[in-house]
Amino acid sequence: MNLVWYRNDLRVAAHSPLHAALTESSISAGETRPQALAVYCLCQGQWDRHQVAPLRRWYVLESLRELGESLANRGIDLHVLDVDTFEKVPEALAEFAQSQGVTHLYCNREYPLNEKQRDTLVAERLREQGIILRGFDDGVLVPPAALRTGKGTPYTVFGAYKKRWDVWTADHHPAMTPVPSQCRAEGTFMGAKVVAKALEMLDVPEALTQQWAPGEEAAWQQLDQFMERSLADYRRNRDFPDLSGTSGLSVALSAGTLSVASCFRAATQAMADAGSRDGAACWIDELAWRDFYRQIMAQFPRVSRGQGFRPETDLLEWKNDDELFAAWCEGRTGYPLVDAAMRQLVATGWMHNRLRMVTAMFLSKHLWLDWRRGEAFFMTHLIDGDFAANNGGWQWSASSGTDAVPYFRVFNPVRQGQRFDSEGRFIAHWVPQLRDLDSKQIHEPWKQPLLARDYPPPVVPHAGVRERVTVAFKAAKSRFDKTS
Ligand SMILES: Cc1cc2nc3c(=O)[nH]c(=O)nc-3n(C[C@H](O)[C@H](O)[C@H](O)COP(=O)(O)OP(=O)(O)OC[C@H]3O[C@@H](n4cnc5c(N)ncnc54)[C@H](O)[C@@H]3O)c2cc1C
């Protein structure tokens, strides 16, 4: 029997392991069609360790429920093993595989360190039982080790990576993996009780969950809607948080209710239409960023260990100020765009990309707080919390990462507001204390103390930040050079 191990790929369409498990299965006595089994290891203890947001857990569990039913309709049983942490997965899977007469295990690869270690142990444990593990790379468009610089090293600069990425994706256009057809008259979602119990134990306010639609079907609808309504103007609108200019597909992509290949195929098809070409090309760039950070995570284990991509930045001496951190988390820094963004995150479980950069840079450069604190806070709230993208985005913003323009990039939070929320609509929506200010005043409320009475003054000044950051980075680099 072939077994498909589901992880962050909770779908039936465009799923290479499922397709391979079925096409490579032998038809056993008494059956007329190929068969396979599916399994998911529910690791709630690992979710705790990885600070996975309750809202994300809800999305995953609800999507798992839909997947279980969708597989059952196709005659495939999905089992859910309740195993707490990754350490317990090899033994649990080995026992399960033994009980079901499994000969082959099929799954998509994952690239963070803990996940790779888990998979190595699983492969070793199953090998002892004569079970062969087959890995696929549906989580990316270009497998992490596929592209190398002329020196044979991994790419660390996005621009150069993207050039090679374009060539690779043109040469290896992702094939359409068919949705599996009916295997048996009907299967059973064997994990229904485990999932229902885990959902019961979750405490997520309905005000949060009702904003999101889990599952594969909803993800396809969202993709279709984005293609139809927003792709053509994506480049023009993508930076403006009060427009629905982006796809909102990050949660579907990170939990795998939609495959990145399906997104890429849809975007390349849209390029045939002159009106959508530019928007589609720009959107494909973002899919490449997603791949880029996954290959960074796969090739540089230090980033999975909480270390800076640039080792010298681990010598930076961050401030340890809980008051400032709380002001940032709660959206009361006195900088309207930063505060609006943080309130959006807490109230919806999502934040616009431009604002993720603005708030991350503000925490690490203006407040001079360790970016890891912000990274963790994002994880505990984001529905799309994705280790590679979140870590990559945080390290880029804090200049400890792969940005080719290190440490001179300091966004001015006021100017960012004037540029990307010029009418102040986004700010007024999330910070009601500022609704009486006009579109000019709203970005600098400290100049209107009578109109912005309930709003705090800036917790730190913007002036001098670039100079301070530059000095600190130079000092860390020189200390690093002396000691290494
Ligand atoms: C500090 C910081 C933290 C971030 N944390 C996460 C995270 O936890 N999870 C996450 O999916 N993205 C993260 N991002 C990347 C980006 O902000 C989100 O992917 C994007 O806002 C999601 O909205 P969307 O689906 O409408 O994106 P679109 O603009 O429609 O982009 C399409 C897809 O491309 C991918 N993508 C877009 N931008 C990036 C990027 N900069 N890096 C990697 N992938 C990208 C996402 O999968 C996204 O769904 C982070 C960025 C920063 C700066």
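In the predicted model, strand 1 (residues 2-6) pairs with strand 2 (residues 37-42). The pairing is parallel and runs over 4 bridges. One of the residues involved is Leu3, whose bridge partner in strand 2 is Leu37.

These two strands belong to an open sheet of 5 strands. The strand order is 3-2-1-4-5, and the pairing is parallel. Strand 3 (78-82) and strand 5 (132-136) stand at the edges. Each has a single partner strand, so one side of each is left without a neighbour in the sheet. From one strand to the next, the twist averages 25°.

Helix 3 (residues 54-73) lies across part of this sheet. The strands that helix 3 crosses are strand 1, strand 2 and strand 3. Relative to strand 3, helix 3 runs at about 145°.

The model also holds a ligand, surrounded by 27 residues. Tyr234, Thr246, Ser247, Gly248 and Asn353 are the closest of these. By class, the shell divides into 14 nonpolar, 8 polar and 5 charged residues.

Several side chains place polar atoms against the ligand. Asn353, listed among the closest residues, has a polar side-chain atom 2.7 Å from an oxygen atom of the ligand. Glu286 and Asn390 instead face ligand nitrogen. For Glu286, an N or O atom of the side chain is 3.0 Å from a nitrogen atom of the ligand. For Asn390, the corresponding distance from a side-chain N or O atom to a nitrogen atom of the ligand is 3.1 Å. On its own, the ligand has 820 Å² of accessible area, and the protein covers 96% of it.

Four helices each give two or more residues to the shell around the ligand. They are helix 11 (250-255), helix 13 (274-299), helix 16 (353-366) and helix 18 (387-398). Helix 13 gives the most, with 6 residues. The polar side chains described above fall within these elements: Glu286 lies in the span of helix 13 (274-299), Asn353 in that of helix 16 (353-366), and Asn390 in that of helix 18 (387-398).

Key:
Residues are numbered from 1 along each chain as its sequence is written. This is a predicted model: local features need pLDDT of at least 70, side-chain atom pairs count only at pLDDT 80 or more; totals for chains, interfaces and linings use all residues. Side-chain values use heavy atoms; hydrogens and water are left out. Two strands pair if DSSP finds at least two bridges between them. Axes are lines fitted to C-alpha atoms, for helices over the stretch in contact, and angles run from 0 to 180 degrees between N-to-C directions. Contact means heavy atoms within 4.5 Å. A residue is near a molecule or strand if one of its heavy atoms lies within 4 Å of it. A polar contact is a pair of N or O atoms within 3.5 Å; within protein, one must be able to donate a hydrogen and the other to accept it, and residues adjacent in sequence count only if both atoms are side-chain atoms. Accessible areas come from the Shrake-Rupley method with a 1.4 Å probe; for residues, only the protein chains shown count as cover. Ala, Val, Leu, Ile, Met, Phe, Trp, Tyr, Cys and Pro count as nonpolar, Asp, Glu, Lys and Arg as charged, and the others, Gly among them, as polar.
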